[in-house]
Amino acid sequence: MKENIAKEGFNSKIGAIAAAAGSAVGLGNVWRFPYVLGQNGGAAFLLVYVLFMLLIALPVLMSEFSIGRKAGLPVLGAFQTLAPGKKWYLIGFAGVLCAFVILFYYNIVSGWTLMYAYLSATGQLASLDESQINQTFEQSSQDPVTCIFWMVLMLGATGFVVARGVEKGIEQYSKILMPILLILIIVVCIRSLTLDGASDGISFLLSPDFSKLTPRALFEALGQAFFSLSIGMGTMTTYGSYISKKQNLPQAALSVALLDFFIAFLCGLMIFPCAFAFGINPGQGAGLVFVTLPNIFNKMAMGQIFSVVFFLLLVVAALTSSISLLEVVVTFVKSQFGLKRRMSTLVSSITIGILGIGCAVSPTLFDFFDKISANVLLPLGAFFIVLFIPLRLGKKAVREEMEANGTPFKLFNVYYFLTKYIVPLAILLIFTNSILSWMGYGLFD
């Protein structure tokens, strides 16, 4: 079984970076990042976010890549191989479980993006006023039949890519989807920046006001940096197993992190000038994308065209992330039950679809899976992945993996210090706050 999985891999450096960046770049970049940035003061928040991404999130990403590539196996097999007979393999199970659980509800949200692309393309949003757009979202997002229909379409598209394998499926489509995503974002950015009053939005994004950096804002920046790179759920460990030994691992991780940040920044540059040009509060919250922006597009010249482009980019962002999540589940099914990739994809997709129907029917179930993955599984997974580096692999083995292509990693000691001491503490803070917030007692509420 190990041999069957290990023979799959990325064929090029660009393909590996595109696939891993595709996993990191999702609705969190296009949907969540702009409104969190808007709620926490703009540019000052952005600077702190970048700092936390480099000091906290990037070392975890490097660690996941190292574990996956050293073992040459996806997340569960990686920990079973590197720590045979020990309970470290439970980290692998937690990663698979986390990806599995996230897919239950993520495909529903992904389905909303596809639905809005359709509504935009058919002109059904163009004739609506503000209250009608709000009503449209509330009704469609709470209608089980509508949610299930669009969820199945997105799950089918995701399964199609994953079933084709690592090189011909994930790598090939990532190299197509990521440039498309960038082009779509740039198109909407150009239109946004040419609006009257756009300069206020640019100033909000680029001129820091450190007086707005409250403890809560700092914590939001830490959490956003942590969750932005899709760490802690096994996807990056799995993708690490597909990266060739000839590739520079730290450089690949840094490229993924920088591309992830660049796209998040472009999304801010796309949304804030629009919001300020039309007098919209940039801290509108989660409704910014599905309620506020359609209203803006309706007031804009050629608004329907840009509405279609915008929601198509949301579809692409959602798809690139769901592909990586499904890959984690499929490799687990493939290795544990000895099924071929296509059958593993079919079994996984049907199971996820059935449980996704439960989330579509029950908002309570939707919220539960959302909270249990974000508040418990993700931070715990990342915490034990980071501990695995010093406690199990050791400094020498990790350094050898980082420098496997023959290029010295000059900042290795900095990475190792952060991984051993700073990152675990930061993750514990995130985990503690997540649990307390879930209970209604956040550290900074």
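## Cavities, a pocket and a helix crossing

The largest cavity has a volume of about 60 Å³, and the structure, which is a predicted model, holds 4 cavities of 30 Å³ or more. Beyond these cavities, this briefing looks at the second largest pocket, which has a volume of about 320 Å³, at the place where helices H11 and H19 come within 10 Å of each other along their axes, and at the salt bridges, whose count comes to 6.

**The largest cavity**

- The residues that line the largest cavity are Leu119, Ser120, Gly123, Leu125, Ala126, Pro294, Phe297, Asn298, Gly303, Gln304 and Ser307.
- Two or more residues of this lining are given by each of three elements, namely helix H6 (89–121), helix H14 (287–298) and helix H15 (303–337).
- Sorted by class, the lining of the largest cavity has 5 nonpolar and 6 polar residues, while no charged residue takes part in it.

**The second largest pocket**

- The second largest pocket is lined by 17 residues, and those closest to its centre are Leu58, Met62, Leu254, Phe409 and Leu411.
- Helix H4 (43–71), helix H13 (249–277) and helix H19 each supply at least two residues of the lining of this pocket, and the largest share, 5 residues, comes from H4.
- By class, the lining of the second largest pocket divides into 14 nonpolar and 3 polar residues, with no charged ones.

**Where H11 and H19 cross**

- Helix H19 (residues 412–438), which also supplies residues to the lining of the second largest pocket, has an axis that crosses the axis of helix H11 (residues 215–228) at roughly 105°.
- Because angles of 65 to 115 degrees count as roughly perpendicular, H11 and H19 are described as roughly perpendicular to each other.
- On the H11 side the contact is made by Phe219, Leu222, Gly223, Phe226 and Phe227, and on the H19 side by Ala426, Ile427, Leu429, Ile430 and Asn433.
- The contact of H11 with H19 has 8 nonpolar and 2 polar residues, and no charged residue belongs to it.

**A salt bridge in H11**

- Within the total of 6 salt bridges, one is formed by the side chains of Arg216 and Glu220, which meet at 3.9 Å, taken from N to O.
- Arg216 and Glu220 are separated by about one helical turn, because the two residues lie 4 residues apart in helix H11.

How values were computed:
Residues are numbered from 1 along each chain as its sequence is written. This is a predicted model: local features need pLDDT of at least 70, side-chain atom pairs count only at pLDDT 80 or more; totals for chains, interfaces and linings use all residues. Side-chain values use heavy atoms; hydrogens and water are left out. Axes are lines fitted to C-alpha atoms, for helices over the stretch in contact, and angles run from 0 to 180 degrees between N-to-C directions. Angles under 35 degrees count as roughly parallel, over 145 as roughly antiparallel, 65 to 115 as roughly perpendicular and the rest as oblique. Contact means heavy atoms within 4.5 Å. Ala, Val, Leu, Ile, Met, Phe, Trp, Tyr, Cys and Pro count as nonpolar, Asp, Glu, Lys and Arg as charged, and the others, Gly among them, as polar. On a 1 Å grid over the protein atoms alone, a cavity is a set of points where a 1.4 Å probe fits but cannot get out, and a pocket is an open set with protein on both sides within 12 Å along at least five of seven lines; lining residues have an atom within 4 Å of a point. Grid points are joined across faces, edges and corners, and a volume is the space filled by probe spheres set on the points. A salt bridge is a side-chain nitrogen of Lys or Arg within 4 Å of a carboxyl oxygen of Asp or Glu.
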